[in-house]
Amino acid sequence: MKFVYDFHEGNKDLKDLLGGKGANLAEMTNLGLPVPAGFTITTEACQQYLQKGTHVEGLASEIDEHLASLEQAMGRRLGDPSDPLLVSVRSGAKFSMPGMMETVLNVGLNDESVAGLSRQAGGNDRFAWDSYRRLIQMFGKTVCDVPGEEFEQALHDAKQSKGVKDDVQLDAEDLRGLVTAYKKVFVKHTGHEFPQDPREQLDQAIKAVFRSWNADRAVLYRRQERIPADLGTAVNVVAMVFGNLGSDSGTGVAFTRDPASGEQGIYGDYLANAQGEDVVAGIRNTLSLTELERLDKKSYDELLQIMATLEGHYRDLCDIEFTIERGKLWMLQTRVGKRTAAAAFTIAAQLVDEGVIDLDEALTRVSGAQLAQLMFPRFDLSGDPSSITRGIGASPGAAYGEVVFTAQRAVELAGEGKQVILVRRETNPDDLPGMIAAQGILTSRGGKTSHAAVVARGMGKTCVCGADEIEVGPSSFTVGSTVVNEGDVVSIDGTTGRVYLGEVPVRPSEVVQYFEGDLDPAQANDPLVAAVHRIITHADEKRRLKVRTNADTAADAARARRFGAQGIGLCRTEHMFLGDRRELVERLILARTDRERDDALAALQPLQRADFLELFREMNGLPVTVRLIDPPLHEFLPSLEELAVRVAVQHEHGQHVEHDEQLLAAVRRMHEQNPMLGLRGVRLGLVIPGLFAMQVRAIAEAAVALAAEGGTPRPEIMVPLVGAVQELETVRAEAERIIAATVADSGVEILIGTMIEVPRAALTAGQIAEAAEFFSFGTNDLTQMGWGFSRDDVEGAFFWRYLELGIFGISPFESIDTDGVGRLVKIAAEEGRAARPGLKLGVCGEHGGDPDSVHFFHQVGLDYVSCSPFRVPIARLEAGRAAVTSEGSDHR
């Protein structure tokens, strides 16, 4: 097995093996771009190292061979005291994980070669000692777990002693002293001296990068982004080029389009006399990339030409890292850049207009999760609130919350259900838990390419960076004379970069207004709205899956139809019995004679008929699936404990309230230890005579009434919680008699089907299909019963621990468990259609609006998904993406 590849041996399609960074360095090398020489150690080597914990057979000899080639290419030798080769050791996984794993720069420096590095740099002692102190700091923190704060404190002390603010103001002697201080910190925490053998430095740095794959922050980020845990990281060993050699050197990050908005132009950050980590860390505020034209026009022009080459080659927004060493431009990395949701849609539409991609590929460049972000509200600035400061809008959105200053505090308050804004000078990878917990991130340093900006964009979090008027302290920040303490509320606008005191009101997003058909002419021409319209229209043309909605009221149905719903996949009739009607249900439960029960049902029927008529009108011409009453009746009654106490108190006072005593007797009679597995669904309809019949009659009468108005009702009756075909046959026989007597010659047709939510129903679907004209998978209950989880209890009880341990990548109630619950769906779909070829199949659990789940339902061959009104556009988009993706798979 080959573990090491020179850059000229790879290409961009080898990301599984070489990681994203290594594959793209290889691709740029093969394009003839100026890339420093180097080699990549594969993800397979990482996997073996992590499995064995120590030695990877044959790896050392391969590194020797490729290091020799690197030394020959550069004309320098690692460890040569007079003319040293220095290398960087960088992580690079298949999927971008910005800042989550480790990097060590300047590997190869020691007490002797620091003088040789100075000679290389034309006698620049300051540069040499700055490079050495950076190596000790990075190596100590990354390889040996030395607390980074102690290095930072030593640097702070050196600047304070000198009376300066920035590290660039420290001279060679200052930095020589800082190296001595850093070495003492290193010995204090490791018990041994900083290693002087360059090859030992290299080997230890490589192993540290391997280990960083399983660092807490990397694991947390992978869970957040749903990146598989078994991929491992590649390691890139690259000859060092230096941006900190003086004013004719520097480092920067560039984007071929604006990653926040998608607009075309020149975007990026540049720092003169700096190394790349200074830009990403955000410890110094950067210059706009356009300033490079003034400082070094030759490098600027070459960079723009390379940016155009890379965007044309990758056919997408590219994120580029570069260094200028004494006027020579070097490319250190490129990748398809992370972008905001707005930029994703805008860029996809732009590239279609430019003829770079077609609409099918544009569909694959966006996602339902991004569309959901665009549907969140925006700040309503009509009241002209005054901002206290302004930074760089690094990741759009409108976020408000209580100010916190540590990641730990953000996690604590978010766990209490509070909204928080994490405020930092600059973020680092250790802040990731707090960034996930926060509604938004505000930093006083850094730009659009800082750690905070890149990670926030990847997560869809609102972020404002580089608000340099802010002075951030341990428990407050100040802007001029304004002091904002921890716990105070601020609002941040990730588009404009403005920061407001207090909670700013919000307004609907333009994208929601577009779906609602409520845009004014000016908004209708907005590039983002136009892009969303174009892409979702194409998704509708491509998708096979229809999209319905879960709706119980006419208002929800009307909104869902505006959002593009093609019917109702789930009307929960039990929701119609809440509020003022609860008393009628109580009468039904307390009925002691057939007459009392029939009277209660007779009072409910006209109310139900009116409910259904409203829904049928709103969905005229589209199918409406009405689920017969499902939940356990205890939900309509007082709790046993409260009622028992009330009756006991009455007895103490010599009172006997007949109604309460009858109610208590009924509640005791019906009390169940596990109501969700008790008297509910079809069982309820079979135990309480006339209950389902009343609902069926109301449905049929409402359909006939709409037909008489000239409408086209398409009702479907769904029997819940069926586990055996005999249950469905019994209900169906009664329903068919009622329907036949009610619809007569009206032309109304009513389908009868069932909800597949009990594992036994899925496993006997062939039998059940003989009595059902459609199946709708209730994946919420199917997940609950398949896993043996109570969905009302487990989320807070132990799911957090399962996610933490990696047992779950995501909650199975959020995204369908394809291996277990999904297999039940697949079995039921196949066996149901084998028994009844025309069987209609849908899903109406919450998974119907989950992007990943929609792709699974497409693959299984369902006819439709159903979801809440707000998620209808998301399901439409993902259904289109699923169709395009499967077409591409078929073609391959």
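Where is R315 found? Select it in your viewer and trace the chain on both sides: R315 sits in the loop between α12 (297-314) and β11 (318-325). Keep in mind as you go that this is a predicted model.

**Stop one: R315.** Check the backbone here. R315 is not a glycine, yet its phi is positive, at about 55 degrees. Most residues other than glycine have a negative phi. Now switch on the surface: R315 counts as partly exposed, with 32% relative accessibility.

**Stop two: N273.** Next, select N273, in the loop between β9 (264-272) and α10 (276-281). N273 is another residue other than glycine with a positive phi, near 50 degrees. Its relative accessible area is 23%, so N273 is partly exposed, the cut-off for buried being under 20%.

**Stop three: a helix pair.** Now move along to residues 582-590, helix α23, and residues 594-618, helix α24. The two helices pack at an angle of about 155 degrees, and their axes lie 8 Å apart. Because angles over 145 degrees count as roughly antiparallel, α23 is roughly antiparallel to α24. The crossing of α23 and α24 is left-handed.

To see what makes the contact, show side chains for L584, R587, L588 and L590 on α23. Then add E596, R597, D599, A600, L601, A603, L604 and L607 on α24. Try colouring the contact by residue class: eight of its residues are nonpolar and four are charged, with no polar ones.

Key
Residues numbered from 1 in each chain as written. Predicted model: local features only at pLDDT ≥ 70, side-chain atom pairs only at ≥ 80, totals over all residues. Heavy atoms only, no water. Axes fitted to C-alpha atoms, helices over the stretch in contact; angles between N-to-C directions. Helix = DSSP H or I, 4+ residues; strand = E, 2+ residues; numbered from the N terminus. Parallel < 35°, antiparallel > 145°, perpendicular 65-115°, else oblique. Left-handed = near helix turned anticlockwise from the far one by under 90°. Contact = heavy atoms within 4.5 Å. Nonpolar A, V, L, I, M, F, W, Y, C, P; charged D, E, K, R; others polar. Buried < 20%, exposed > 50% of the residue type's maximum accessible area, 1.4 Å probe, protein only.
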